[in-house]
Structure formats: structure tokens, C-alpha cells
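Thanks for coming. I will go through charged side chains today, so please have the sequence and the structure open.

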Amino acid sequence: RKALKKNKKSKIINGALPQKMKLFTKEQVKQKVQDKIKRNKKKSKVEEAERTEQVNDNGSFVTDLQEESVEEGDEPHDSESVPTALARKSEKTSPILSNKQRRDFKQESSSEKDTVEKLIFPQKRVFHGLKNSFEVGKEEFEKLIAPFAGNLFFKQYWEKEPLYIPSGSQNKFDHLISTQLIDTFLRNQNAMFGKHLDITSYKNGVRETHNLEGRALPHIVWDLYKHKCSVRLLYPQAAFEGVFLMNSKLQEYFGCFVGANAYLTPPNSQGFAPHYDDIEAFVLQIEGTKQWKIYKPRNKFETLPRYSSVNFNSSDLDLNKPYMEVTLTPGDLLYFPRGYIHQANATDTHSLHLTVSVYQKNAWIDLLERAMPLALAKAAQEDIEFRRGLPLNFLRQAGLVYDCVSSRKTLIKSVKEKILKLVKYLDIDRAVDMMGTQFVTDALPPMLTEEEESRCVLGNGLRMEDNGELKGSVVFSENTKVRFIRASSQRLVREKVTENGTEEEFRLYYSLDNSYEYHGEEPQFLVIPDEFVTSIKLLFLNYPAFTALKSLPLEDLDDQARLVGDLWDRGILMTEEPLEENDIEVQSEDEEDSDMDDSNVINDTNEDGVTTNNELEEDKVIDGLELISEVSKDETSIFEENDDEQPLQEYEKAISENEKFVVAYEEEEGEENDCDDEDNEYVYSPSSCSDSVDNSEVDGLDKT
């Protein structure tokens with residue numbers, strides 16, 4: 001301020017006082033630039049020499065990676081782990097940082113430390129891309145019904161009454177489907193009448209279907225459309241990525257199959273008769289306008305029905321008193337519960353809307369339909385009272401003819417007593433598992449993001465490149481952390497091996513290989529050996545957190561890697577970071593024999609089965625996946641001393657936070673622990689470890 005007062009001619013440039021300026025000629029400016037370039041080159045050479053000396057001293061390579069990334073512009077991708085990025089820079093780099101290296105990094109300056117942490121721990125930067133799939137589905141639903149609040153919707157309207165939600169954006173649903181995309185679908189795909197689409201009309205109270213034989217060629221479909229026929233696309237999620245992505249997210253939130261149909265209606269026409277459905281319907285208006293009339297259920301028997309209705313006519317409805325009458329425009333949403341009768345016709349413009357359906361066969365009665373037969377079977381097996389013969393002449397104690405006899409009350413009383421006693425034998429866990437298995441069988445396969453693909457078998461692992469060379473041999477370690485791809489894309493259940501047999505086995509059903517079309521493939525499952533069941537439970541309970549291999553309640557590291565490797569091979573598991581990939585060198589038969597001889601010499605064991613070389617570091621190959629682990633002095637004591645209780649504590653902690661499971665410890669000599677006692681409690685005992693693993697059972701993990 002004083003300077004400005006003294007020299008009023010001074011001006012402020014960019015908020016700072018002007019410095020003394022000196023004018024240069026054009027040649028002087030050019031010389032200045034050249035001198036500065038020379039100084040920068042000299043400085044960079046000195047820094048490069050210092051980095052090289054640092055690498056030779058302590059093997060540090062992070063600074064090289066940082067500088068090369070700046071100079072070459074070759075930064076690691078967000079979906080690429082730091083070990084993978086480092087491997088691209090230096091083949092001699094270990095995929096796992098040792099404790100010594102981590103201590104060395106802590107001694108760096110604050111600015112360098114921040115840079116190093118971003119490189120070594122990229123999950124801080126990309127973790128938000130690996131969200132809980134339930135939360136992702138919830139966000140998708142809230143976006144669907146916006147600006148209406150989700151909690152208010154379920155409190156006031158879900159299964160109660162219709163709701164109309166106007167939207168301020170006409171382009172809200174344009175990414176899902178359009179008439180142009182439908183035309184492209186008909187031209188490029190082998191769409192069949194009756195399988196992929198229906199041609200319908202509703203005129204003068206008569207509903208008709210006009211499907212032809214064979215392929216639905218675009219010229220034929222549009223000719224029928226020109227004659228006032230509506231086009232209904234079945235399973236549009238199988239052909240339109242936007243619909244598939246939305247439904248695959250919503251099914252994680254609702255916990256059931258989410259279906260959809262698309263309806264294209266010509267102007268001033270109607271394609272379907274009035275009716276009600278057995279699903280909760282969300283109508284998304286995409287193009288044009290359509291007028292809807294909604295009617296309440298006619299009686300309590302048609303409220304929340306289990307099955308859709310027949311077509312109604314004017315005599316079945318009080319058409320003068322609709323519960324709701326609204327015209328949908330692009331971006332609007334209309335919800336109505338199952339049982340509400342509805343009809344719709346296009347106005348002066350064509351109409352394209354998408355109906356999203358949820359909660360079909362997902363009521364209490366559907367759970368009881370599975371629980372009651374199980375309870376009857378268990379009661380018949382365990383309680384002799386249910387196997388005793390009926391009273392003599394019971395046929396004369398009840399029935400249409402004998403509904404007034406005095407002995408009828410005695411028979412009814414006995415039946416009620418048996419029903420009350422039947423509650424004791426209800427196996428709700430197994431009934432819920434049956435519905436969960438049905439959901440996994442019905443569900444769409446998960447659509448993975450790029451970050452997720454880079455962490456699972458779909459984007460990581462072996463691949464064929466030019467000249468027949470294999471690349472991408474993945475590396476596991478005991479510190480590798482894994483979790484399920486989705487919360488609901490798999491289900492662990494106990495089922496009978498044969499329908500009429502008594503032998504049971506654990507099965508893990510998964511949806512990754514499901515078809516985009518409803519029930520397009522057979523159900524896929526893995527048979528799980530008993531000793532692996534507790535570890536899989538831990539993975540379920542820990543989701544969405546990642547679980548390290550060494551935290552799995554298995555004593556043998558081979559078993560931990562075998563379990564994780566088999567699940568990873570089928571796309572059921574993903575790792576916290578992309579696995580380190582190594583090049584594969586094809587060896588000759590002589591080299592393989594030599595390696596076998598060397599391994600036999602190295603792995604000589606004493607009478608107790610303990611490796612004689614205590615300092616050995618061996619490479620274990622399990623199902624084609626290389627497991628690199630630093631073997632301790634005694635391989636048989638991996639979980640002894642301070643670490644022997646860690647996996648069990650991890651499991652106990654997860655159990656205590658989840659009300660679905662109860663851990664009980666029962667150790668009795670001469671008796672095997674059963675996973676399901678009389679009260680349906682899951683029993684886990686350290687004695688049921690994998691010391692006596694049967695190879696045939698382990699190999700059974702690969703069989704479906």
C-alpha cells in the first residue's frame with residue numbers, strides 16, 4: 001500500500017505488486033530459453049543418477065516408477081493394482097511388499113510419502129467403485145422413483161395403492177430403449193414371434209394375438225404396427241444393455257428376479273384388455289404419451305393375488321369410477337400393486353413404455369409352501385404320533401355328507417393338535433434357502449464394471465497372445481484378499497444328492513453363467529466338501545469387506561488356496577486388487593523332469609512329515625494358479641502360537657454380527673460334529689479342520 005501511494009502510476013497485476021521489468025530483444029529471449037532447457041536436462045541427469053544409486057542400494061523402485069510415469073505418461077490404470085504396474089516396469093520386482101520396504105517408505109518426506117501411498121494403496125482411490133451391491137441397487141431404485149423418497153414410498157404405497165411420479169426431465173429413461181433401437185434389434189438379431197415379441201390388438205372388447213411363424217422380420221412387424229397392432233417385447237433385458245444393467249442392479253436390492261416387458265403402441269389404439277397382474281409394476285414412459293385408467297381390486301380375494309387375471313370386459317368393471325386416471329409423458333413413472341386392474345391406450349402420438357416387474361411369487365405363502373412339506377417330512381421321521389393310524393371309521397366323522405355328526409369335533413381337535421405340534425419341525429432356514437436358490441436360478445447374471453472385471457477371472461488370469469504365447473499367470477498369496485462378486489449372486493445350501501435319497505451334500509449355486517433370457521440355462525452349482533463350508537460362510541458374512549486367505553478357518557494353506565482358486569476360476573470371487581500376472585515359459589520334457597527331480601530332493605521330509613529344509617521358499621501350483629508363500633520353519637504349524645486363533649476369531653466376530661448364525665462348540669470324543677442340530681444352529685468346531693481331507697472330496701469342488 002505504501003508503494004502504491006508513493007508511485008500512483010504503478011498497477012496491480014494478478015493481485016500482486018509489479019516487479020522491476022527489463023526489456024529483451026528477440027535474440028536474447030531465444031538464448032534465455034535455450035539456456036533454461038540445458039539446465040533442466042543437466043538437472044534431470046543428476047536426479048536420474050541419484051535414483052539409480054538408490055535402487056542399487058536398497059532395491060527401491062517406487063521413485064523410478066513415479067518419475068517414469070511423469071516422463072513417459074504411462075501411469076497405471078485405476079483398475080490396475082500397484083504390484084501389476086510395478087511388474088510392467090521391472091520383472092524382478094516382488095509382487096508383495098515386505099515389512100522392511102514399508103518401514104523404508106515411512107522415512108520418506110511428506111510429499112513423497114503421499115505420492116507413494118497413492119501408488120501402493122490404490123484402493124483408497126478406487127474403493128468406491130467396489131461398493132456393496134445392495135447399496136448399488138438401492139441407489140438405482142431411488143434414482144428410478146426420483147424425486148420421490150424411497151422410504152416414504154415403501155411406507156405409504158408399497159403393496160397398498162398406486163403412485164404417479166411426474167418427472168422434470170423428458171430424457172430420464174432414454175438410455176433404456178427407443179423405437180430406433182427396436183428397429184436395429186429386429187434387423188440385426190434373430191427375433192422370433194412368440195419368443196421375443198408378441199403382436200396384439202384390442203378392438204371392440206376383443207383381445208387378439210397376431211403372431212406369425214418364424215422370425216419377426218422388421219418389414220412384417222412394422223406392417224402389422226401400421227394396422228394398429230401393438231408390439232410387446234419379451235425379456236428386453238436380453239437385447240438392450242440399459243435395461244439389463246438396471247434390472248441386474250435392482251434384483252440385488254429387491255432380492256428377487258426383476259423382469260421387464262416393452263410395449264410399443266400405435267397412435268389412438270390399445271393393445272391389451274383390462275386385467276390385473278401378479279407382480280408389482282413400475283411403468284416407465286419413454287416416448288409419446290399414454291392414458292392410463294387404474295381400478296381398485298374388486299374384492300379382498302383379488303387383493304395382492306398370486307396369479308394374474310383373465311381379460312375383463314366392460315360388464316366386469318365399473319368403468320365410470322377409476323381409482324386413478326392419468327396421462328403419462330416421457331420421463332413419468334406409474335406404480336401400481338398386484339391386483340389393481342389397469343388398461344391403457346395411446347393418444348394422438350405413438351407410445352413406448354417399459355414395465356418393470358418385481359416380487360412375483362415372493363410372499364409369505366410362497367415361503368410356507370416350501371416350509372410345510374419339509375416340516376411334515378421331518379415330523380414323520382422323528383415323531384411316532386404322526387405315523388400312527390387314523391381312527392376307525394374316520395371317513396364317517398367328517399366330509400360333505402358327515403359335516404353335522406357329533407364325532408366331527410373330536411377329529412378336528414386331533415388334527416389341530418397335530419398342526420400345532422408341527423410348528424416344532426419347521427425348518428425355516430432350509431425353506432429360505434430354497435427361495436434363495438430359486439432366486440439365483442432365476443436371476444440375471446451380474447454386469448461387472450471395468451474395475452470388477454480386472455479383479456476377477458473375466459479380466460485377469462491366463463490369456464492367449466500372438467504366436468501362441470500364454471500370458472497372465474496369476475499369483476496368490478496368503479495375504480490375498482477376496483470377496484464375492486455380488487451379495488446375492490450365489491447361495492450356499494444343503495440338498496439331497498438324489499430326489500428320493502437320504503444322502504445330502506452342500507452346494508453353492510451361482511448366477512454368473514445364467515442366460516440373459518429367463519431360464520435360458522440349467523442351474524449352475526458347485527459341490528462343496530464339508531471342511532470348506534465354514535470358510536464360505538465367513539465370506540458371506542464378511543461381505544462387502546474382503547477376507548484374506550490366511551483368515552479362512554482352514555489349517556492348511558493348500559486348502560485355503562484350493563478353495564479360493566476354484567471359486568475365483570468360476571468368477572464367484574474377486575480380489576481386492578488385480579492379481580499379479582507373470583509370463584509363462586514353456587519348458588521341454590527334459591527340463592520338466594529335471595525340475596521334478598530337484599523338487600523331490602528339496603522336499604525330502606522326515607518321519608513326522610516336516611520338511612527338512614526349514615529355510616525353503618517353494619512355489620505351490622494349485623489348479624493352474626501359482627501360490628507364492630514364504631514357508632515358516634515348521635510347515636505344520638502355520639496357525640500355531642499367536643496366529644492359530646486368528647481365523648477362528650474372524651469367524652466368531654462375523655457370526656456375532658449376524659443374527660442368522662449361532663456358533664456352538666461341541667467337542668465329544670468319538671462323535672462327529674453335525675452342522676445342523678435340533679434347533680437349526682450351525683455348529684463349528686476346530687476339530688473339524690482339514691487334517692483328514694479326502695482328495696476325492698476336494699476334487700468334487702470342480703464338479704457340477
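Which residues are linked with Glu-140 in a network of salt bridges? They are Lys-143 and Lys-249. Keep in mind that this is a predicted model. The structure holds 23 salt bridges in total, and I will take a few of them.

Start with Glu-159 and Arg-338, whose side chains meet in a salt bridge at 3.0 Å, N to O. Glu-159 sits in the loop between α9 (150–156) and β1 (163–165), and Arg-338 in the loop between β8 (333–336) and β9 (341–358), so this pair ties together parts 179 residues apart in sequence. Arg-338 is buried, at 7% relative accessible area, whereas Glu-159 is partly exposed, at 28%.

Next, helix α15. Asp-433 in this helix pairs with Arg-491 in strand β14 (residues 490–496), so parts 58 residues apart in sequence are tied together. The N to O distance in that salt bridge is 2.9 Å. Asp-433 counts as buried, with 13% relative accessibility; Arg-491 is partly exposed, with a relative accessible area of 26%.

Asp-442 is also in α15, which covers residues 428–442. What is the nearest side chain of opposite charge to Asp-442? That is Arg-370, 7.3 Å away; Asp-442 is buried yet has no salt bridge. Its side chain does make a polar contact of 2.3 Å with the side chain of His-519. Beyond its neighbours within four places in sequence, Asp-442 is in contact with Phe-257, Asn-514, Tyr-518 and His-519.

One last pair: Glu-385 and Arg-388 meet in a salt bridge at 3.2 Å, N to O, and Glu-385 is partly exposed, with 32% relative accessible area.

Technical notes. Residues are numbered from 1 along each chain as its sequence is written. This is a predicted model: local features need pLDDT of at least 70, side-chain atom pairs count only at pLDDT 80 or more; totals for chains, interfaces and linings use all residues. Side-chain values use heavy atoms; hydrogens and water are left out. Helices (H or I, at least four residues) and strands (E, at least two) are DSSP runs, numbered from the N terminus. Buried means under 20% relative accessible area, exposed over 50%, partly exposed in between (1.4 Å probe, protein chains only). Lys and Arg count as positive and Asp and Glu as negative; His and the chain ends are not counted. A salt bridge is a side-chain nitrogen of Lys or Arg within 4 Å of a carboxyl oxygen of Asp or Glu. A polar contact is a pair of N or O atoms within 3.5 Å; within protein, one must be able to donate a hydrogen and the other to accept it, and residues adjacent in sequence count only if both atoms are side-chain atoms. Contact means heavy atoms within 4.5 Å.
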